Amino acid sequence: MALRFEILGRFNRARAAQLTLPHFVCQTPLFMPVGTIKGLATSQLEEIGCQIILGNTYHLALRPTSELIDELGGLHKFMNWPRALLTDSGGFQMVSLLHLADITEKGVTFQSPVDGKPMLLTPEESIQIQNRIGADIIMALDDVVRTTITGPRIEEAMYRTLRWIDRCIAAHSRPHEQNLFGIVQGGLDPVLRDICVRGLVDRNLPGYAIGGLAGGESKDSFWRVVAQCTAALPEDKPRYVMGVGYPLDIVVCSALGADMYDCVYPTRTARFGTALVPEGVLKLKHKAMADDTRPIDPTCACMVCKNYSRAYIHCLVTKDAMGSQLLSYHNLYYMMKLSRDLHTSIVEERFPEFVCTFLLKMFPEGNVPEWVCNAMEVAGIDISSCCAPFSSSQDLES
């Protein structure tokens, strides 16, 4: 095991911790930008306080290839990134991006995007590729099924995920330098999730991820799965909710005891001209922004908000790549500050106040979605002061 996880503060289920990895000492809760970030240098990510970058194994294996990365000293050296890295297994990209992906007991068979020939990614090969890439945290290959799918396929995928974790453990050649995380599957079925959690915990892994969410399920189903899994996973190991990037979701999951998150959302939404602000989002392409001389967020200390107006960025996002780069910088700064604020508020024993302030800014009229109120009740956080009576239209995405 190549990590140390020390809890520094708590509020009921929420926890703030120090996660010591081979390349960096991280503070949790934390958000990890996805490495396909366009237009930002690693020095800028360091500047805004990014602690871990997520690398896509599938994309790296295609180009420049894991063999070349290994030959050139590993991904940290290759991309000039001194802090921590996490790589996914490659399985999700193959199932979501490629046609005719077929999952069998051997692994994931898919068509090569280069020449169209069938290729097979096995648990062993996924780990070997990640060993060559050299990230601080590597993910087991799991059988990925969207939560919107029902029936026997969910059970099949969960049990296969458990069988594959043993093959991943056996193939892992660098356990003292890289931390292998298992992924809890089981769809929206509490019984299957419980079986998967217990099976993974029996393997005594360095950390655990909650997978198969943020794929179209209702928010009520989403938070209940997170709550169930975080309650059953070990207290002394990091818990990573995969694919979660909406600020509201991160606050809710942190209240329920999760520690780590990743998503393309902050940078992808930037490329569409949208900024993250305490009130929710600000759409810079709107005509109303054309003569607005205010910064994106007057309360934000980032380089973009200090130097550029909404009007200037509006002009850029409609015709220039610089617009999406500036918005990506701002949005990731927002996510890093959110992570720091979560950590600090838990350590300083003012987490409930932070949550209420966050919700009041996002829902100033008190129309907090019912699923958020229900989740906070389970987390032991009283938000009645910022909740109005519910209506059926309040179960919004975020």
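The exercises below, each with a worked solution, concern a predicted model of a protein structure.

**Exercise 1. Work out how strands β1, β2 and β3 are connected and in which sense they pair.**

Step one is to take β1 and β2 together: strand β1 (residues 4-11) pairs with β2 in the antiparallel sense, and seven bridges join them. As an example of such a bridge, Arg10 has Arg15 in β2 as its partner. The two strands form a hairpin with two residues between them, and Asn12, which lies in the turn, has a positive phi of about 50°.

Step two is to go on to strand β3 (residues 25-28), which pairs with β2 over four bridges, again in the antiparallel sense. Here Ala17 has Thr28 in β3 as its bridge partner, and the hairpin that joins β2 to β3 runs through four residues.

Step three is to ask how far β2 is covered: because six of the seven residues of strand β2 (residues 14-20) are buried, this strand is largely enclosed by the rest of the structure.

**Exercise 2. Describe the open sheet of eight strands, giving its order, its edges and its twist.**

We begin with the order, which reads β4-β14-β13-β12-β11-β10-β6-β5, and the pairing is parallel. The edge strands, each of which pairs on one side only, are β4 (30-33) and β5 (52-55). From one strand to the next, the twist averages 25°.

To look at one edge in detail, we follow β5 to strand β6 (residues 84-87): the two run parallel and are joined by four bridges, and Ile53 has Leu85 in β6 as its bridge partner. Helix α9 (residues 219-232) packs on the sheet, where it touches β11, β12 (207-210) and β13 (239-241), and its direction makes about 165° with that of β12.

**Exercise 3. Compare the span of helix α7 with the expected value, and find which elements its buried residues pack against.**

For the first part, we note that α7 (residues 152-171) has 20 residues and reaches 29 Å from its first C-alpha to its last, which is close to the 28 Å expected at 1.5 Å a residue.

For the second part, we list buried residues of the helix, among them Ile154, Met158, Leu162, Trp164 and Ile165. The buried residues of α7 pack against β7 (102-103), β8 (108-111), α6 (123-133), β11 (179-184) and α8 (190-202).

**Exercise 4. Classify the ring pair of Tyr58 and Phe110, and say where its two members lie.**

A search of the whole structure finds four aromatic pairs. In the pair of Tyr58 and Phe110, the ring centres are 6.4 Å apart and the planes stand at 75°; planes over 60 degrees apart count as edge-to-face, so this pair is edge-to-face. The pair links distant parts of the chain, since Tyr58 belongs to helix α2 (residues 57-62) and Phe110 to strand β8, 52 residues apart. Tyr58 and Phe110 are both buried.

**Exercise 5. Locate Ala41 and decide whether this residue counts as buried, partly exposed or exposed.**

We first place Ala41 in the loop between β4 and α1 (42-47). Its relative accessibility is 35%, and because partly exposed covers the range between 20% and 50%, Ala41 counts as partly exposed. Finally, the C-alpha atoms of Ala41 and Glu105 are separated by 40 Å, and these residues are 64 residues apart along the chain.

Terms used. Residues are numbered from 1 along each chain as its sequence is written. This is a predicted model: local features need pLDDT of at least 70, side-chain atom pairs count only at pLDDT 80 or more; totals for chains, interfaces and linings use all residues. Side-chain values use heavy atoms; hydrogens and water are left out. The expected span of a helix is 1.5 Å times one less than its number of residues. Buried means under 20% relative accessible area, exposed over 50%, partly exposed in between (1.4 Å probe, protein chains only). Contact means heavy atoms within 4.5 Å. Rings of Phe, Tyr and Trp (its six-membered ring) pair if their centres lie within 6.5 Å; planes under 30 degrees apart count as stacked, over 60 as edge-to-face and the rest as tilted. Two strands pair if DSSP finds at least two bridges between them. Axes are lines fitted to C-alpha atoms, for helices over the stretch in contact, and angles run from 0 to 180 degrees between N-to-C directions.
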